[in-house]
Structures are given as structure tokens and as C-alpha cells.
Amino acid sequence: MEKKIAVLRGDGIGPEVVNESIKVLERVAQKFGHTFHYYDIIGGVAGLEAYGDALRPQDYELGRSCDSILFGSVGDPRKYTFTGANGTKKYPSRKEAAVKALASFRRGMELFANIRPAKVYPQLIQASPLKDTVARELDLIVLRENTAGIFYAGKYRKEIGGELTACDECVYTWSQIERHARCAFDLAMGRKKHVTMVNKPNAMETGVLWQTVYEKVAEEYPEVHYETMLIDGCAARLVSRPGYFDVIAAENMFGDILSDLANSAAGSMGIAGSGDIGSEGKGLYECAGGSAPDIAGQNIANPIAEILSAALMLRLSFHMTVEADAIEAAIVKVLDDGYRTGDIMTPGGKRLSCSDMGDAISEAI
């Protein structure tokens, strides 16, 4: 099988971890008889420095034309001025680069479902801040709505009655919630058949609509245990009884918070893969931990999250289940053998560089 993959390495540790992910993908292609074609896109702060644009229109179109996008990370708060193609410019680098380079793909390609698995590997249980008996139960997916809500609706900051006032609107339509609900229930059907929709209907009118739509869609999935839970109650249970959950479905803001909470409970953002998918099956796959510019260029970043994101791409967009399983099994083997990067180091572990970890996982496939 042949697939076209757009590659945006981005900023900070992005290029390092993406390179290791491609190394693993090439091993998969060799073993299973596939051909992956890679098309580079320069974006984020790197795009601003090269072209004066965090994502050029032609690069967006290139990404859109491919079967999926492998995305590193964007933003570098150390760089607030640069001299690029359009001369010297000051900008809020993290916001400008991230919003345009990432949100352009999410909204333009309608990648409405952010899928963030979180699980504790037995080999890394000491890295979790939770008690061993609690942490070992954690194996769930947070499904975050990705293209609407408070991130994208109207907002203002202005003086009203002599006082500076700010407002952020949260807007959702029935169809936006419905497609999210179907994705949640479909995911649950392949797992433990349990969906927990998290919201705040006692304080938010959008929460009432979410509840109404989800209840309607739930009728089509009688095999799935469906429930609703308030956001505060869910956050508390995530750290006290994480094994209770299977698929946590949430609107954009709540999903953003809960996904980071779940991955932090698992022990490290360095093992947090992520995928944004749309109705057509195309997706954008990225590590969830950010650009980490403080360690960029040192070859010490953990590439596992980006490699897991590549496995998600194979599983969700390319329907290569056996190949995705092979990557995940290779990661388990490498961890079983005691290999670690610095962020997941455990007593007696064998410390590897970023590139060495990529080599070890590739060889284990």
C-alpha cells in the first residue's frame, strides 16, 4: 500500500522526535511491504523565520492533499523577534505560530475529534504520581471536540461602564456535537463499551445541548454503557479511580484540561500520543507534550509520544491495525528491556538518547 504523508517538523524538539517517528515508519514499511511518501512543510516559528508566515497557503494545501499529516510541535517562547523574509518583526511566537500552523489544519480540514489515549505502562508505573494500586488501572481515551467551543467563538475585551471587561463565547451546534458523539461511541465499541460524557449543564447552556444530543445518539448504541459526569467530579475521579473510565468525551476546553491531566497521571507527557481526525478519515498526528525548546537540539527528548502518534495514524487513518500493533509491541519490548529517556528514567534503567530510542524501537519491530 502507498500513502502520502505531509511532515511538519516545526519547532523545538519537533524535528528530533519526528525524525525518529519516520525512522520507525520506514521500518514498518520495509517489514509489511508498504511505501510511504513524505512531503515536507515548514511551519510554526520555523515558517515565520523562513517565510514570514507560520503556515503558507501552499503548504496548507499540500498538507490537505496528503493522506495524513505527521506534526511535530510549534512555538518557541525564546524567540520574540527575528529577521525573516519580510524584515524584523516582533510577535507573540507561541500564540501566532501555534494558532495558525495547527488550528488552520484542524478547522480547515474539519479535524473535529482529538483522540488522546492515556495508559500506564507497568514498566513505568513508578513515574506516575499516583499510588501503584491506582495507577496500574489507568487505560483510557479522552475524546476532545477540536473545532468549536470557546477556542473559536466570539470574544472581546473592552471598557464597559468605565471598567475593563472581557468575554469569551462558547458556541456549539447540534451537528458538531452529534458527530463527536458518534466518534465516542464507535471508539467505545472497540474497547470496554463505556462512554462518560463530561460537561457542566448546571452552569452552561451548551452543556444542556451536549447532554440532549448525546442521549439521542446513545439510543443507537445499546451495548455501550453511557453516562454523564460533571467536569469537577470527573477530574477528581481521574486521580482517585482512573480505572473507572474507558472513553471520556468532552467539549473543547474541558477536553483540553482532562487530556493533560490523564497523561500527567500516566507519568509523562513524553509518552502521550495524539491524533486529530475528521469525517473523511484523514488526520493530523502529533505528540502532546509541546515543543520543549529548553532541551531542543540536545538529542535527549523522548520520541515515544511522536512514535505512538504515528501508530495512531496507521490505526485510525490508514487502517493498518497489525502494523500499529507492531509499533506498540516494540515500545513495550524496549521498556521491558529497561531502556529509558531521561524523563521516564527509573532505578536501574538504561538511559538512551532520543535517536538511540528511535533505533531501539525500530529494531524491536
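# A walk through the fold, starting at Gly 358

Select Gly 358 and show what surrounds it: leaving out residues up to four places away in sequence, this glycine touches Glu 20, Lys 23, Val 24 and Pro 303. Keep in mind as you click around that this is a predicted model. Gly 358 belongs to helix H12, residues 354-364. Is Gly 358 buried or exposed? Its relative accessibility is 0%, so Gly 358 counts as buried. Now add Asn 19 to the selection: 339 residues separate Asn 19 and Gly 358 in sequence, yet their C-alpha atoms are 8.6 Å apart in space.

**Next stop: helix H1 and the sheet**

Asn 19 falls within helix H1, which covers residues 14-32. Colour H1 and look at what it lies across: strands S1 (2-10), S2 and S3. Against S1, the helix runs at about 165 degrees.

Now bring up the whole sheet. It is open, has ten strands and shows mixed pairing. If you want to step through the strands in spatial order, go S2-S1-S3-S14-S13-S6-S7-S12-S10-S11. Which strands stand at the edges? Those are S2 (35-41) and S11 (225-230); each has a single partner strand, so one side of each is left without a neighbour in the sheet. Rotate the view and you can follow the twist: on average, neighbouring strands are turned by 25 degrees against each other, direction ignored.

Zoom in on S3 (residues 68-73) and S14 (residues 283-286). These two run parallel and are joined by three bridges. To pick out one pair, select Leu 70, whose bridge partner in S14 is Tyr 285.

For another helix on this sheet, select H7, residues 205-218. H7 lies across S7 (139-145), S10 (194-199), S11 and S12 (247-250), and its direction makes an angle of about 165 degrees with S10.

**Into strand S13: Asp 276**

Go back to the sheet and select Asp 276, which sits in strand S13, residues 275-277. At 0% relative accessibility, Asp 276 counts as buried. Show side chains here: that of Asp 276 makes a polar contact with the side chain of Arg 106, at 2.9 Å. Beyond its neighbours within four places in sequence, Asp 276 is in contact with a list of residues including Leu 111, Ala 113, Asn 114 and Asn 146. Lys 282, Gly 283, Leu 284 and Glu 286 are also among its contacts.

**Two loops with unusual backbone**

From there, select Glu 110, in the loop between helix H4 (93-108) and strand S6 (113-119). Glu 110 is not a glycine, but it has a positive phi of about 55 degrees. With 35% relative accessibility, Glu 110 counts as partly exposed.

Asn 299 makes a good companion. It too has a positive phi without being a glycine, here about 60 degrees. Look for Asn 299 in the loop between S14 and helix H10 (304-317). Its relative accessible area is 30%, so Asn 299 is partly exposed.

**A hairpin**

Select residues 155-168 and you have S8 (residues 155-160) and S9 (residues 163-168), an antiparallel pair joined by six bridges. Lys 158 stands opposite Thr 165 in S9. Two residues lie between the strands of this hairpin, and Gly 161 takes a positive phi near 60 degrees.

**The second largest pocket**

Turn on a surface and look for the second largest pocket, with a volume of about 580 Å³. Which residues of its lining are closest to the centre? Of the 25 lining residues, those are Pro 117, Ile 141, Arg 191, Leu 312 and Glu 328. At least two lining residues come from each of S6, S7, H6 (174-189), H9 (252-266), H10 and H11 (321-336).

**Helix H11, and a last long look**

While H11 is in view, select Ile 331, which is found in this helix. Ile 331 is buried, with a relative accessible area of 1%. Apart from residues up to four places away in sequence, Ile 331 touches Tyr 121, Ile 304, Ile 307, Leu 308 and Ile 361. From Ile 331 to Met 357 the C-alpha distance is 9.4 Å, with the two 26 residues apart in sequence.

To finish, zoom out and select Glu 219, in the loop between H7 and S11. Glu 219 is exposed, with a relative accessible area of 59%. Draw a line from its C-alpha atom to that of Ser 353: the separation is 50 Å, for two residues 134 apart along the chain.

Technical notes: Residues numbered from 1 in each chain as written. Predicted model: local features only at pLDDT ≥ 70, side-chain atom pairs only at ≥ 80, totals over all residues. Heavy atoms only, no water. Pairing = 2+ DSSP bridges. Helix = DSSP H or I, 4+ residues; strand = E, 2+ residues; numbered from the N terminus. Axes fitted to C-alpha atoms, helices over the stretch in contact; angles between N-to-C directions. Contact = heavy atoms within 4.5 Å. Buried < 20%, exposed > 50% of the residue type's maximum accessible area, 1.4 Å probe, protein only. Polar contact = N/O pair within 3.5 Å; in protein donor to acceptor, adjacent residues only side chain to side chain. 1 Å grid on protein atoms, 1.4 Å probe; cavity = no way out; pocket = protein on both sides within 12 Å on 5 of 7 lines; lining within 4 Å. Points joined across faces, edges and corners; volume = space filled by probe spheres on them.
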